[in-house]
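Biologist: I would like a close look at one spot in this model, taken slowly. Please start from the contacts around a single side chain, then work outwards until I can place that spot in the whole.

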Amino acid sequence: MPVAASAIYFLNLRGDVLINRTYRDDVGGNMVDAFRTHIMQTKELGNCPVRQIGGCSFVYMRISNVYIVIVVSSNANVACGFKFVVEAVALFKSYFGGAFDEDAIKNNFVLIYELLDEIMDFGYPQNLSPEILKLYITQEGVRSPFSSKPKDNKPVPNATLQVTGAVGWRREGLSYKKNEVFLDIVESVNLLMSSKGNVLRCDVTGKVLMKCFLSGMPDLKLGLNDKIGLEKESEMKSRPAKSGKTIELDDVTFHQCVNLTRFNSEKTVSFVPPDGEFELMKYRITEGVNLPFRVLPTIKELGRTRMEVNVKVKSVFGAKMFALGVVVKIPVPKQTAKTNFQVTTGRAKYNPSIDCLVWKIRKFPGQTESTLSAEIELISTMGEKKSWTRPPIQMEFQVPMFTASGLRVRFLKVWEKSGYNTVEWVRYITKAGSYEIRC
Amino acid sequence: MTGMRGLSVFISDIRNCQNKEAERLRVDKELGNIRTCFKNEKVLTPYKKKKYVWKMLYIHMLGYDVDFGHMEAVSLISAPKYPEKQVGYIVTSCLLNENHDFLKLAINTVRNDIIGRNETFQCLALTLVGNIGGRDFAESLAPDVQKLLISSSCRPLVRKKAALCLLRLFRKNPDAINVDGWADRMTQLLDERDLGVLTSSTSLLVALVSNNHEAYSSCLPKCVKILERLARNQDVPQEYTYYGIPSPWLQVKAMRALQYFPTIEDPSTRKSLFEVLQRILMGTDVVKNVNKNNASHAVLFEALSLVIHLDAEKEMMSQCVALLGKFISVREPNIRYLGLENMTRMLMVTDVQDVIKKHQSQIITSLKDPDISIRRRALDLLYGMCDVSNAKDIVEELLQYLSTAEFSMREELSLKAAILAEKFAPDLSWYVDVILQLIDKAGDFVSDDIWFRVVQFVTNNEDLQPYAASKAREYLDKIAIHETMVKVSAYILGEYGHLLARQPGCSASELFSILHEKLPTVSTPTIPILLSTYAKLLMHAQPRDPELEKKVWAVFKKYESCIDVEIQQRAVEYFELSKKGAAFMDVLAEMPKFPERQSSLIKKAEIVEDTADQSAIKLRAQQQPSNALVVANPQPVSGAPPPLKIPSQEPQSVARSISQPNGTSSNLDPQAPSPDLLSDLLGPLAIEAAPGAVSTDQHGPSGTGGHADEVDGSAIVPVGEQTNNVEVIGNIAERFHALCLKDSGVLYEDPYIQIGIKAEWRGHHGRLVLFLGNKSTSPLTSVQALILPPAHLKLELSPVPDTIPPRAQVQSPLEVMNIRPSRDVAVLDFSYKLGTIVVGAKLRIPAVINKFLQPLQLTTEEFFPQWRALSGPPLKLQEVVRGVRPLALPEMANLFNSFRVTICPGLDPNPNNLVASTTFYSDTTGAMLCLARIETDPADRTQLRMTVGSGDPTLTFELKEFIKEQLIVMPMGSRALVPAAAAPAPAAVAQPPSPAALADDPGAMLAGLL
C-alpha cells in the first residue's frame, strides 16, 4: 500500500495554517513555510498541483478558500493523495453539513483533529466512508445555519462488526415509512471546436448519483441503455436486441457496493445501496455525443482600434426542453476600451478583469437561436504590437432532462425480503464542462 | 492630490485585497475603466484626467503593465494649473524613457515651461529633462537650459536644477555644450557665491573636464579658489556646513575636477593649492562621530588622490604616509581598510617606499585582522612593498600566515609568496626552501605553475641541483606529503638524485623504494612522472643493479595495460628502452636548460589580480580616465615589474603598435614563449592553457608579455587580405555528396557559421531552406548569398539578411524548378564579414538530378512493354562501365534506392542483374518514366554493363552518366575523381549504335526468355 501523506496542512488564502496534522517524522515542521514562500507567493500556484522543493513533494489543491497541502518526502502515490483529500473533504462536508471553508474549519477544530486521526494512519489512508465513521465518531459538527437539520440519532449496533462485515456500507435494521429511490444522471460536456465548426475534441463525463431511503437490506438492479448490457441481455434471453440507440460507455467505475462479479458475468449493475446519498457510477463517452449548442462566431479586426464581434448561438436539443444559466464568454483584446452591444436575448457586458464580453441568458429554449453583435473600440498602446492571440469562446449552461450521451435508465428494480413497494425518481441533467469554440 | 476620492478609494481597495489574484482583478477592472474613459469622445475634465493618470501611475508602481494613456499623461504637461502639470511631469518621467516617440510631442511644451516665467514650472520641466531627457532633448533644449543657468535673474533653486539638467544633457549628447563659448561661462559660474549653485556647477565641470580638460584650463585656478574659500571657511553659510566641515561635497568635487588636469603649472596656484591640501591633511583626525568621520575622510582621501596625482614633494608625501600609518593602527575597520588601500596607491609613487616600510609591522598585524577585506588589502600592500631588503621577512610572514589563512585566499597567497620569493630571492637555495615549504604547507593551493617554475630554476642552475635534491629527499621522509610535493621531489630526484649517491640513504634503490611507497597514494597525472623518475633512477644506477631493475620492470609491466594512455605508453616505452643500454642513456639524459623567459607566475598573478576583487583604484580608473593613475610614473620597484598593473593599456593599443610595419614589434617581449615549455615536456600535466585557450585572454588587460604573439598573429596581416583565413570544419565535398543522397544536413561549417540545408522535393519543384547559424558571439555582417544557377534550373533565393546577430539562426528559403535534365550543379556564392575578417565560400547546392526522381516500383507486366517500347539509342543507351567500386548486390541496390531509383526485384531471372525504374520530373519533359538495368559480373565486381532508357534522349544520357558517377565515385570520396572517371564516357556515347549492340540488348534477350 502506498504512502499518501507525511503531513497534511490546511491553509487559508493568505498562507496561514488553519490546522495541520503530521503523520510521519520525515518532514520538518517548517515545510509549510517553504510552500508559502516558494509556491503560494509565486505565480506557480495555479499551474502545477504537485511541486518538489528540497526533498519534499507538495501535493495541493484549493477548495473554496482553503488550500489543502499534502507533504511527502518518500516516493508517494500522488493520485492516492489527491483522492484522499477529495474524500476527506466529502467526509468533512457530511459532518458539518454543506460548506467546507475557512470558517467551517475554524468552527470544527476538535472534530477535524479527531477525524484526521481516524482517516489516516502513519501515512496510510484508512476508512473514509462517512456512514461508517459516523458510527463511532459521534461528535456533531457545528453546522452552518443554512444546512439541513441532522436526523435524529439511531442506536448504534456493533460498529466493529459493521465495518468488517460483508456489507460494510449499510447498517442493518433501517426502516422508512415511505421507500424512495432518487436517481440522477449528471453529465458534463467537454468540447473544443475549431472556428470552422469542426469538432476537435469532444467527450462527456457522467455520473450516476443515488439517494436511497429504503428499509431493510434491499437488492437493487439498474438497467441502462448501454451497449454491453443490452447485448448481454439479448444474448441471455436469446432474442435479437431491440432496435434503438445504444451507448458505449468508456472507463466505467462503480461504487464499492456494486457486485462486480455479477457485473463481469451478467453485465448487470446490481448492488445493495448504502443509506442516503452516494455516487453509484462514473463513466465517460467519446463517441456519438449530442452537442446541446452550436456557436457560430465571426470576429473581425478592423484596423488597429476597432473590432466587430458577431456570435450566433443555436440550441439543438428538443424544442420542449430548455437550458438554464447560459453564459457565453467572448474574449476580447486587453486594450478594449469601449463596447457596444446588440443582443436578441439576454444581457451582455464587458468584464475587463477577465478580458471577456460576458453574455448571460437565463433561459434558452430548444431549437431556437440568438445572436450577439458587438462593436469594440480599442485604445492605442505604446508597447510593441503583440498580435492578439484569439483565445477560444467559452460557454456555460445546464440543460435539465437532457443527456448529451443519450443515456437512459431502462429500469431500476428493487427486491427486499419484505417485498415493499418503492417509488423511483429519475432525473437527467447536462452541464457544460469546458465548452470551447475557437474564433 | 488631496480630495481625489476616486484615487483614494482605489488605493484602499487594492490594499484591502486578500491576495495577489484579487488585486489583479481589481487592477484589470480599473484599467478597463480608464480605457473606457480615455476612449470616450467627450473631453475629459482636467480633474478626471488627472485622477486617472494618477491611478495609472499607481498601477504602474504596483508592477503591472500600463501601455496606454501616455498621450493623456503627456497632454497634462501643457495644462495651465499646477496640480495637472505636476502629475503630467511625474507620470511622463515614470512611464516613458528617452526612446519613446511620445516625448517628441512634449519637447515644445517643456521648452515653453523652461523659458517661461513661472519658477515652479521651470523646476518641474528641468527635473523631467534631467530624469529622462535624451538626445532629442539635448539638441533642442540645451541652449535654453544654459541660459537659465547663467541668468542672474533666476533664483538659485532654478539654477541648481539647470546645472544638473545640463549635466544630464551633456552626458547624453556631448555636443549639447559648445566648448568655445562655454568655457568662459563656466569660469564665471565658478565665481558664484551661492554654494548650492556652485556644487551643481562643479558636478557639471567634473563631467566637462573629464571629456576635455584643455578647453577648461581657465577653470583650474577657480577650483583652487573654491577650495581656498572652503578651507579658510570664509563665506560659508551655516546650512552648508556639515558637522563643522564646510560643504564637504563641494570640496570633494573640486578636488576631483582638479585631478583631471594633468598638472598645475602656475607656481602661485600650486602653492596655494598645496597650502589647502596641507591644511586638510593636518586638520583631519579620527573622531567619535561617524558622520563627521565619513565627511572628513571623504575630503581627506580625495585630497590624498590629488596629492598623489600632483606628484607632490617628498615631504608632503611622507606626511601623507604618516597620516595613513595612523589610520591603519586605528581600530575602526573602515578607516583601516581605507588606509591600507591608499597606501597601496601611494606605492606607485616610488619615493615613499622607505616611509611605508616603517609601518611594515603594523601592516603585518593587519594580515591577522578578522575582516577579510582588510586582510586582502594588507596582502596587496605587503606584496607591493616587498623588495630585496625586506623580502625575507615578508615571505616568511606570508608562509606563516598561509597555514592560518582561509581557503579562498590561500591560492592567491601562495602565488604571491612564490612570486616574491622568485623576484627578490637573496640566494637561490632560499628560494627552493621557500617553495618547498610552500608546497608542504598549502599543497592544495599551489598551482602547477609554481612547481614548474621551481623545476625550471633548478634545471637552469647547476649549483642548486644537489641542494634541491637533498631537500627533496628530506621532505620525502615525512609521513604524509602532498601530491604536488611528490611530483616535485620525484622530478628532482629523477634528474639529480644521482648527485646524492654518496650520501647515506640516497642510493638509487633506496630512492626508488621511498618514492614507490608514495605511488599508491597519488592520482593518475602524477604516475607518469613517477614512471619517468623510475626510468631515470634505473639509468643512473651505476653499476647496474639487477635487484632494482627487477622491481622497476615489475612496475612497468604492471602499467603496461593501464587504462590511461599516457601511463601505458610511458610504461611500455621505458620498459623497452631500459633493455637497450646505450640508447637508454641517450634518451634519458639530463634535461637541457630551459630558455630564460618571463615567469609564468607573474603572468598568472596579473590575471588573478584582474579577476580577483577589483580594487577601488582600478574601478575608479575604469570609470573615469583620470590621469592620476596613468601619469604617475610607474617606475619598477627595485627593478621588478610594477606590482600593480597599469590600467588603460588595452590589448588594442598593443596590437596597434605591433602592426606598424617595422621595428616596433621587436621591442615587445622577444621571449614571447610558447605557452609553457615545461608543460610541453610534462605532457599530460600541461594544465596551463594551450595556445587556443590563451587567445581568450586577449581581452584581459594583460599589458605586454606572453600574449603578444597571439595579438600580433592577427594584427600584422593587413585587413584587406584577411579573406578565407577561417578554417572550414569538415570536408565540403563530402558534405555535398552526403546531401545529394539526403534531404537535410550541414552544407558548410566554419568556426563562425554553420549553413544547414533542408529540402523538400515534389515533382519538378523543390523547396530548400538554408539555415544560416551564427556560432560566434559577435554579429556577422555583410552577409551575402548569391545563387549562380545552371541553365536547367530556375532558382529563387529569398534575400538573406545583411547581418546575423550573435548566436542566432536565420532561414532563407530557396525555390527550385527543374526545366530539363542536366547534371550541372547550382552554386551558392556565400560571403560574410566578422569584424575585419571576410569569409567567402562557393558551395554547390545539392539540387542534383536524382532529387527530381520519384521512386516507382514496376511489376513485370508494366515493365517489359515499356522496356521494349524504348527501341534503342538515343532513347536507350548501353555502356560497359569499368573501374566500378566493388559493391555487393544488395549494397548496390541500396545505393540505387538511396537516389530514388527503385530496384524492382525478381524481374530479371539472372540473380546478378538489377532492374530498376523511376520517374523523372522536369518542366519540359513532364513526368517521364526511366528504366535501368545493371548486369554485374560475379567474377569481377569492378565492371558492369548498364542500360538506361527513357522517353527523352537527353534524360537517358544524363541519367546514365549520373548513375555511372555514383557507381564509380565513392559518394564520400573526393570530387576530383569525377572528371577523370567520367572522361571515357563521351567516347562511349560517341560510338554509333551498332546493330550488334542492339542484338546484345539485354532487354531484348530478357523479353525473349519470357
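**Around one leucine, and outwards**

Modeller: Happy to! Setting aside residues within four places of it in sequence, B:Leu277 is in contact with B:Met255, B:Ala303, B:Leu306, B:Val307, B:Leu310 and B:Met316. Please keep in mind that this is a predicted model. B:Leu277 belongs to the largest nonpolar core, which counts 191 residues. It is one of the six that touch the most other members there, along with B:Val110, B:Trp182, B:Ile363, B:Leu531 and B:Tyr534. A second core of 70 residues is separate from that one, and its members include A:Trp169, A:Leu222, A:Ile247 and A:Leu249. As background, nonpolar side chains tend to be buried together in soluble globular proteins.

Now for the chain around the leucine. Chain B has 1010 residues, of which 51% count as buried. Its secondary structure comes to 46 helices and 16 strands. Take the contacts in chain B between residues at least 6 apart in sequence: 68% of them join residues at least 24 apart. The area that chain B exposes is about 45,400 Å², with 54% supplied by carbon and sulfur atoms.

One of those helices leads us over to chain A. Helix 2 of chain B, residues 20-39, lies across strand 17 and strand 20 of chain A, and runs at about 85° to strand 17 of chain A. These two strands pair in the antiparallel sense over seven bridges, with A:Val343 opposite A:Leu372 in strand 20 of chain A. They are part of an open, antiparallel sheet of four strands in chain A, ordered 14-15-20-17. Strand 14 (293-302) and strand 17 (336-343) of chain A each have a single partner strand, so they stand at the edges and one side of each has no neighbour in the sheet. On average, neighbouring strands of this sheet are turned by 15° against each other, direction ignored.

While we are in chain A, strand 21 deserves a visit. Its side chains alternate: A:Ile393, A:Met395, A:Phe397 and A:Val399 point to one face and are buried, whereas A:Gln394, A:Glu396, A:Gln398 and A:Pro400 point to the other and are not. Such alternation between the two faces of the sheet is what a regular strand shows. Strand 21 of chain A pairs in the antiparallel sense with strand 16 (residues 322-331) of chain A over four bridges, where A:Leu324 has A:Gln398 as its bridge partner. Strand 21 of chain A also pairs with strand 23 (residues 423-437) of chain A, again antiparallel, over six bridges; here A:Val399 stands opposite A:Thr430.

Strand 21 is also where confidence peaks among the elements of chain A, with a mean pLDDT of 95, while helix 6 (residues 159-164) of chain A has the lowest at 62. Where pLDDT is low, predicted coordinates should not be read in detail. Chain A as a whole averages 86, and 91% of its residues score at least 70.

To finish the overview, chain A has eight helices and 23 strands. It counts 439 residues, 45% of them buried. Of its contacts between residues at least 6 apart in sequence, 71% join residues at least 24 apart. Chain A exposes about 22,500 Å², and carbon and sulfur atoms supply 50% of that area.

Terms used
Residues numbered from 1 in each chain as written. Chains lettered and ligands numbered in written order. Predicted model: local features only at pLDDT ≥ 70, side-chain atom pairs only at ≥ 80, totals over all residues. Heavy atoms only, no water. pLDDT = per-residue confidence, 0-100. Buried < 20%, exposed > 50% of the residue type's maximum accessible area, 1.4 Å probe, protein only. Contact = heavy atoms within 4.5 Å. Areas by Shrake-Rupley, 256 points an atom, 1.4 Å probe, with all protein chains shown as cover. Core = buried A, V, L, I, M, F, W, Y, C linked by side-chain atoms within 4.5 Å. Pairing = 2+ DSSP bridges. Axes fitted to C-alpha atoms, helices over the stretch in contact; angles between N-to-C directions.
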